[in-house]
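Let's take a walk through this protein together. Please have the sequence and the 3D view open side by side as you read.

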Amino acid sequence: MRRQFISHAISAVALATLAFVPASAADNAAIKEKAAVCSGCHGENGISQTENIPSLAGQPDQFLQWQLVFFRAGSRKNDQMQPIVEEITNEDIRNFGAYFAAMTPPKAAEDNDPDLSKKGAQVAVGRRCASCHTDSFAGTKAVARLAGQREEYLVKALHDYKAGARVGGGVAAMADVAYHMSDEEITAVSHYLAYFK
């Protein structure tokens with residue numbers, strides 16, 4: 001009896017999985033089409049080529065979802081983002097998070113200032129960046145990926161946290177870290193993270 005139940009359960013799961021495959025492919029095409037609006041600023045395949053616009057590829061799913069929620073709620077503000085987020089649904093937010101998280105993150109270019117990276121590494125250790133962002137700086141759950149992110153965007157984000165201009169998840173921890181950083185430390189750690197491999 002128990003074997004028969006397990007056999008039926010396995011068959012049901014297999015059928016459900018097979019039935020889901022075509023719908024998933026259709027959904028992926030629809031998500032890709034809807035996410036095309038993002039590529040205008042955030043770049044093809046989620047890798048930004050635009051100053052002060054972050055790359056989204058490889059960012060943790062939850063982190064992306066929360067940022068969209070913060071933008072939609074108006075707690076994070078950006079002139080380009082506001083009209084877009086006003087039109088997206090909760091389902092869109094979940095889909096965009098998964099879509100960009102599954103993309104290959106940007107590869108760091110060859111470091112053009114290893115001395116600055118060395119100073120930045122010391123700042124990252126001193127400020128305990130890895131305790132939230134992981135040892136690989138790939139981020140996790142609702143914590144951002146920093147490795148390979150645009151350097152000037154990291155500088156801007158840290159200055160925004162320091163000035164109290166950026167709100168959202170983790171703002172208390174980030175504001176506390178950034179508030180005590182000098183401009184030189186912000187420059188160094190941003191360089192280090194942008195070129196981190």
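The paragraphs below go from model confidence to an annotated site, and then to two helices.

Keep in mind that this is a predicted model. Its mean pLDDT is 88, and 87% of the residues reach 70 or more. Residues 1-23 are another matter: their pLDDT is below 50, and beyond near neighbours in sequence this stretch has 0 contacts in the model. Where pLDDT is low, the predicted coordinates should not be read in detail.

Now turn to the annotated positions. An unreviewed UniProt entry lists Cys129, Cys132, His133 and Met174 under "binding site". These residues are spread over 46 residues of sequence, yet they cluster in space, with a largest C-alpha distance of 11.3 Å.

Two of the listed cysteines are worth a look in turn. Cys129 sits in the loop between helix 5 (114-126) and helix 6 (130-133), while Cys132 belongs to helix 6. Is Cys129 buried or exposed? Cys129 has a relative accessibility of 15%, so it counts as buried, the cut-off being under 20%. Cys132, at 41%, is partly exposed. Their surroundings can be listed too, leaving aside residues within four places in sequence: Cys129 is in contact with Ala124, Thr134 and Phe137, and Cys132 touches Thr140 and Val143.

Next, find helix 2, which covers residues 61-73. With 13 residues at 1.5 Å a residue, helix 2 should span 18 Å, and its end C-alpha atoms are indeed 18 Å apart. Which residues of helix 2 are buried? They are Phe63, Leu64, Gln67, Leu68, Phe70 and Phe71. Because these residues cover an arc of only 160° around the axis, they lie on the same side of helix 2. The spacing fits a general rule: an α-helix has 3.6 residues a turn, so residues three or four places apart point the same way. The cover over the buried residues of helix 2 includes helix 3 (81-85) and helix 4 (90-101). Just after helix 2 comes Gly74, with a positive phi of about 90°.

Our last stop is Ala188, which is found in helix 9 (residues 183-194). Ala188 is buried, because its relative accessible area is 4%. What does Ala188 touch, not counting residues up to four places away in sequence? The contacts are Leu116, Lys119 and Gly120. A partner to compare in the viewer is Ala121: Ala188 and Ala121 are 67 residues apart in sequence, but 8.0 Å apart in space, C-alpha to C-alpha.

Notes:
Residues are numbered from 1 along each chain as its sequence is written. This is a predicted model: local features need pLDDT of at least 70, side-chain atom pairs count only at pLDDT 80 or more; totals for chains, interfaces and linings use all residues. Side-chain values use heavy atoms; hydrogens and water are left out. pLDDT is the predictor's confidence in each residue, from 0 to 100. Contact means heavy atoms within 4.5 Å. UniProt positions are given in the numbering used here, feature names are shortened, and annotations may be inferred rather than shown by experiment. Helices (H or I, at least four residues) and strands (E, at least two) are DSSP runs, numbered from the N terminus. Buried means under 20% relative accessible area, exposed over 50%, partly exposed in between (1.4 Å probe, protein chains only). The expected span of a helix is 1.5 Å times one less than its number of residues. The arc is that of the directions from the helix axis to the C-beta atoms.
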